[in-house]
Structure formats: structure tokens, C-alpha cells
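Visitor: I'm new to this one. Could you take me in for a close look at a single part, the hairpin, and show me how it sits in the rest?

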Amino acid sequence: MSTVENKILPVVDPICGMIIDNSWAISTTKDRQTHDSCSFSCRDKFFKLPQKINELHEKIRELEAQLKRESPEPR
Ligand SMILES: [Zn+2]
């Protein structure tokens with residue numbers, strides 16, 4: 001049996017660098033990008049950042065891709 005819908009994925013909070021999972025991350029959308037934060041204070045900091053967000057998101061994607069490669073495939 002595969003449960004695709006309840007898949008928990010690791011995501012990275014770009015403010016503190018914490019690895020969190022998307023089941024409890026605070027997701028917000030800015031500039032059409034979805035961003036995950038570990039807490040509201042990190043989210044607020046993120047929103048105060050200037051336009052470097054696209055760069056940040058590229059880094060986050062890389063990190064998340066790495067995490068997915070490293071974590072064992074659930075059966
Ligand atoms: Zn954080």
C-alpha cells in the first residue's frame with residue numbers, strides 16, 4: 001500500500017537553516033513561491049528580507065533535493 005497523499009517531506013527554513021517537515025511547517029506564499037518556516041518569528045524575518053528570495057529558494061531546492069536523495073525510500 002502506498003500513501004502518496006500523506007507524504008511527509010523534509011523542507012528547509014531559510015532563516016535559521018532548520019530542517020523541518022512539511023506536516024507542521026508554516027507555509028506562506030510570496031512572489032508565487034511557497035516558503036516554509038519553523039515558527040512565526042522566522043516567517044516574519046523572511047518577509048522583511050529584500051529581493052534575494054529567489055536566490056534563497058534555489059538554495060533551498062538544492063538542499064531539499066539532497067535530503068530526499070539521502071533519506072531512505074519509505075516502503
Ligand atoms: Zn526557523
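Guide: Sure, let's start with the whole thing. The protein has 2 helices and 4 strands, where helices (H or I, at least four residues) and strands (E, at least two) are DSSP runs, numbered from the N terminus. Read from the N terminus, the order is β-β-β-β-α-α.

Before zooming in, a word on what you're looking at. This is a predicted model, so local features need pLDDT of at least 70 and side-chain atom pairs count only at pLDDT 80 or more, while totals for chains, interfaces and linings use all residues. Residues are numbered from 1 along each chain as its sequence is written. As for pLDDT, that's the predictor's confidence in each residue, from 0 to 100. The mean here is 81, and 80% of the residues reach 70 or more. Where pLDDT is low, the predicted coordinates should not be read in detail.

Now the hairpin. Strand E3 (residues 26-30) and strand E4 (residues 33-37) run antiparallel, joined by 5 bridges; two strands pair if DSSP finds at least two bridges between them. Ile26 of the hairpin faces Ser37 in E4, and Lys30 stands opposite Gln33 in E4. Between the strands there are 2 residues, and Asp31 takes a positive phi near 50° in this hairpin.

Stay with Lys30, which belongs to strand E3. Buried or exposed? Lys30 is partly exposed, because 13 other C-beta atoms lie within 10 Å. The cut-offs go like this: 20 or more other C-beta atoms within 10 Å of a residue's own make it buried, 12 or fewer make it exposed, and in between it is partly exposed, with C-beta atoms placed from the backbone. Lys30 also has Phe47 at 8.3 Å, C-alpha to C-alpha, though the two are 17 residues apart in sequence.

Follow the chain on past E4 and you come to Ser39, in the loop between E4 and helix H1 (40-48). Ser39 is partly exposed too, since it has 15 other C-beta atoms within 10 Å. Its C-alpha atom is 7.6 Å from that of Ala25, 14 residues away along the chain.

Stepping back out, buried residues make up 12% of the 75 residues in the protein.
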